[in-house]
Amino acid sequence: MKAQRRHELKTNTLAQGLEGLPGILRQYGDKLLLVVVLILLAIVVIRYYTTGKRQRVEQTQISLNTARTAVRNLSNVPLQTARPELAAATRDTLAKQAQEAIDDVLDHTEDPALQTRALIVRGDLNWTLAMLPDPPGAETQPALKYGRSREESLRSAQQAYQEILSGKTGAPADAVRGARFGLAAVAENQGDWDEAARSFTAIINDPATAEAFKQQAQGQLARLERLRQPALLGAPRTAPSTQAATEPAAAGATQPATLSSPPAATAPTQSTAPGR
């Protein structure tokens, strides 16, 4: 009997609660609906933000790869050709494509690693433009020349590499190494042997530098010491700042970070290009 009585009490309590439910809904229904809407809205916003962030990362990576490819292609433009107008137009198009892709990365990412890699490519772009010879006929046809002088391109490359080493971007080790190779190349081609040697030495002394890159820097430093020595026979040695403007970097020179490959065992040259 007692168990039956308890069951009846529970049933009555439930029934009373259900009878009072419409009143509760009338009193608090708007607030409950608002809470549900806010929860759903928060879910939508979170999903939108997560998806958008992932898409931005993917897009910036695509832009970075586009810039790297454009710089590689730019270094291979056949400027010494029978069609100088076409060669100059190809050079200008690739330079613009690379610059726009670099700007897209820097404008749309807060990732320090992506930012520093974009700066490396910017330095390599300007380095490549500085090293490209003018097409035949550029002396009499200004339209065949690139829009900036070689000196301006070298300064732009230098600024990009220095920004990486400034510590503002939290550069990863590979970007720091690439920037040092880049600054060494710029300094050498400006005839600043001491500054170039300091950059190579910093690469060698950096504990984060892999042994292969230390050996590459040691080889470049040894070559640099030979270039410092005055020529004893023959015509005076041409300064890199003038020779590199008309001659492409030869085998044995360190290549830009976007173009680098393992150093070749060939005769040293007077021009050095940035290394990865």
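1. A good place to start is the largest nonpolar core, which has 20 residues. Those with the most contacts inside this core are Leu64, Leu74, Ile102, Val121, Leu125 and Leu129. Helices α1, α2 (84-108) and α3 each supply at least two of the core's residues, and α2 gives the largest share, with 7. Do keep in mind that this is a predicted model.

2. Leu125 is worth a click in your viewer. Leaving aside residues up to four places away in sequence, Leu125 touches Val71, Leu74, Ala95, Ala98, Gln99 and Ile102. Apart from the core described above lies another one, of 14 residues, including Ala157, Tyr161, Ile164 and Val186.

3. Now to a serine. Ser63 sits in helix α1 (residues 2-75). Is Ser63 buried or exposed? Its relative accessibility is 7%, so Ser63 counts as buried, the cut-off for that being under 20%. Beyond residues up to four places away in sequence, Ser63 is in contact with Ala101, Asp104 and Val105.

4. Next, a helix pair. The axes of α3 (residues 112-131) and α5 (residues 173-189) come within 10 Å and cross at roughly 20 degrees. Because of that angle, α3 counts as roughly parallel to α5. The crossing of α3 past α5 is left-handed.

5. Who makes this contact? On the α3 side the residues are Thr116, Arg117, Ile120, Trp127 and Met131; α5 brings Asp174, Ala175, Gly178, Ala179, Ala185, Val186 and Asn189. Sorted by class, the contact has 7 nonpolar, 3 polar and 2 charged residues.

Terms used: Residues are numbered from 1 along each chain as its sequence is written. This is a predicted model: local features need pLDDT of at least 70, side-chain atom pairs count only at pLDDT 80 or more; totals for chains, interfaces and linings use all residues. Side-chain values use heavy atoms; hydrogens and water are left out. Helices (H or I, at least four residues) and strands (E, at least two) are DSSP runs, numbered from the N terminus. Buried means under 20% relative accessible area, exposed over 50%, partly exposed in between (1.4 Å probe, protein chains only). Contact means heavy atoms within 4.5 Å. Axes are lines fitted to C-alpha atoms, for helices over the stretch in contact, and angles run from 0 to 180 degrees between N-to-C directions. Angles under 35 degrees count as roughly parallel, over 145 as roughly antiparallel, 65 to 115 as roughly perpendicular and the rest as oblique. A crossing is left-handed if the near helix is turned anticlockwise from the far one by less than a right angle, and right-handed if clockwise. Ala, Val, Leu, Ile, Met, Phe, Trp, Tyr, Cys and Pro count as nonpolar, Asp, Glu, Lys and Arg as charged, and the others, Gly among them, as polar. A nonpolar core is a set of buried Ala, Val, Leu, Ile, Met, Phe, Trp, Tyr and Cys residues joined through side-chain atoms within 4.5 Å.
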